[in-house]
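Please look through the structure below with its sequence at hand. The paragraphs that follow lead through it step by step.

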Amino acid sequence: MSTKGFQQGSFRWLLGIEDTSVYPQPGSGMVVLDEFELTGHSLQWREDLLSVARLGATGLRYGVNWPRVHLAPGVFDWSVLDERLELAVNDLGLVVIADMVHYGTPTWLDGSFADPRYPDLVAEFCGAFAERYRGLVDHMTPLNEPLTTASFCGLRGVWPPALEGWRGWTTVTLAIVEGIRRSVAAVRTANPDVVIVHVEAASLYDTPHEHLSAEVGHLTAVGALPTDLLLGRVGVKHPMWSWLVENGASVAVLEGLLIAPPTVDLLGVNYYPDLTPRVLRAVGHDVHQHTSNQWTDGLRLVIERFTELYGLPMLITETSIEADELVRRKWLEESTAQVRELRREGHDVRGYTWWPLMDFVDWSYASGGRNVEEFVLDPSTTSGSASETYAERGSSVTPFLRRMGLVSLVEQVTGVLHREDTLAAAAFETEARG
């Protein structure tokens, strides 16, 4: 097991630039959701990368935009990445964790994650990247947040392949897991020194209703399933085996995932205090998920749970809060204090990533202003955060901006998004340089 830029006992401060990249199929009701374009990063990438180093970070989680690089099977356009990665690594000295797939696939992959060609083609892309950038970028995340990807693409039909229900979730999840398995094999062949950073969204559920306690247990188990499947832990005695089979998983596929599971070098944990914790509430005959702020107690619980489940060295690969500058600074200071305490207690946490560096555009933008989340924000528990934005898509992105960055985006009359540091930016620099 290699951890190269994240050796035992070390700690690294990182920043991430929101890189969701979902290109809809023809005839879809959504428009392109490319955060690099929407936030102006495609034009102001040099300034943004310089800000990462300016604020004291020595690591960067960076998306490689699979839909725009992999033009066709065996055909790639590396020109944009060549320039950006050269600046990030050789000029600024950053350790880059390449985020290979962030929710979207190339449009020529007709069935997206459900296309039978998907596992081999994503492995082709990851292997080609690893070979080209060996020695420059040796840390890779094959796919960001399998759990979130399966929810949006397989359970709720928001993004391609727009499947719905638990059978859709199972289809997408099994494809994702097989894709990661083949990608890890491909990149380790191309670059034996590669460090695999498996990044997953944390999930925390609770309910005030006794009759929903079983649903809490079910969703908690679902939250661990993608990683359990990837690591070869879902055998016939696993409590979710029968449920997977009932929802379309073939026994042969599940048994195949038990054979030679890949090695994960670092486990990335994503936690947002105002988004990750959920409360299930009965609303008539329906069950609704409401956010429930657990602040640093939730972060501690997540780290303790991941430690117990997997025993792997960890990075906090995403955290922030949607709120005013003072609350963002408070979360930064108190969450980093919690991480220090966890490390003192022996938890092997080797890095902290504020995500995102700058504000980003809400995902509802690509769906005509329709809320696409599986939860509803609870204004009483979101630390002053604005409620979910519902706006008509127009020439301005300001109504859709999520104020979660260390750097705020301020839209000019020309449409250019000006970057302005927040109070949280100064606090991050103090922590990182301290």
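Which residue in β12 is the bridge partner of Leu204? The partner of Leu204 is Pro277, and to place this pair it helps to know how the model is described. This is a predicted model, in which local features need pLDDT of at least 70 and side-chain atom pairs count only at pLDDT 80 or more, while totals for chains, interfaces and linings use all residues. Residues are numbered from 1 along each chain as its sequence is written, and side-chain values use heavy atoms, with hydrogens and water left out.

Strands (E, at least two residues) and helices (H or I, at least four) are DSSP runs numbered from the N terminus, and two strands pair if DSSP finds at least two bridges between them. Strand β10 (residues 204–206) pairs in the parallel sense with strand β12 (residues 277–283) over three bridges. β12 also pairs with strand β13 (residues 286–291), here in the antiparallel sense and over six bridges, and Gln289 in β13 is the bridge partner of Leu280. These two strands, β12 and β13, form a hairpin with two residues between them, and Gly284 in the turn has a positive phi of about 65°.

Turning to the barrel, eight strands close in the order β1-β4-β7-β8-β9-β11-β14-β15, with parallel pairing. From one strand to the next the twist averages 25°, where axes are lines fitted to C-alpha atoms, for helices over the stretch in contact, and angles run from 0 to 180 degrees between N-to-C directions. Within the barrel order, β7 (residues 95–99) and β8 (residues 139–141) run parallel and are joined by three bridges, and Asp99 has Thr141 in β8 as its bridge partner. Helix α11 (residues 295–310) packs on the sheet and touches β11 (266–270), β14 (314–319) and β15 (349–354), its direction making about 140° with that of β14; contact means heavy atoms within 4.5 Å.

Strand β11 contains Asn270, which is buried at a relative accessible area of 1% (buried means under 20%, exposed over 50%, partly exposed in between, with a 1.4 Å probe and protein chains only). Beyond its neighbours within four places in sequence, Asn270 is in contact with residues including Arg61, Val199, Thr317 and Glu318.

Finally, the structure holds zero disulfides, a disulfide being a pair of cysteine sulfur atoms within 2.5 Å. The sulfur of Cys126 lies 16 Å from the closest cysteine sulfur, in Cys153, and is therefore too far for a bond. Cys126 is buried at 0% relative accessibility, and Cys153 is buried with a relative accessible area of 0%.
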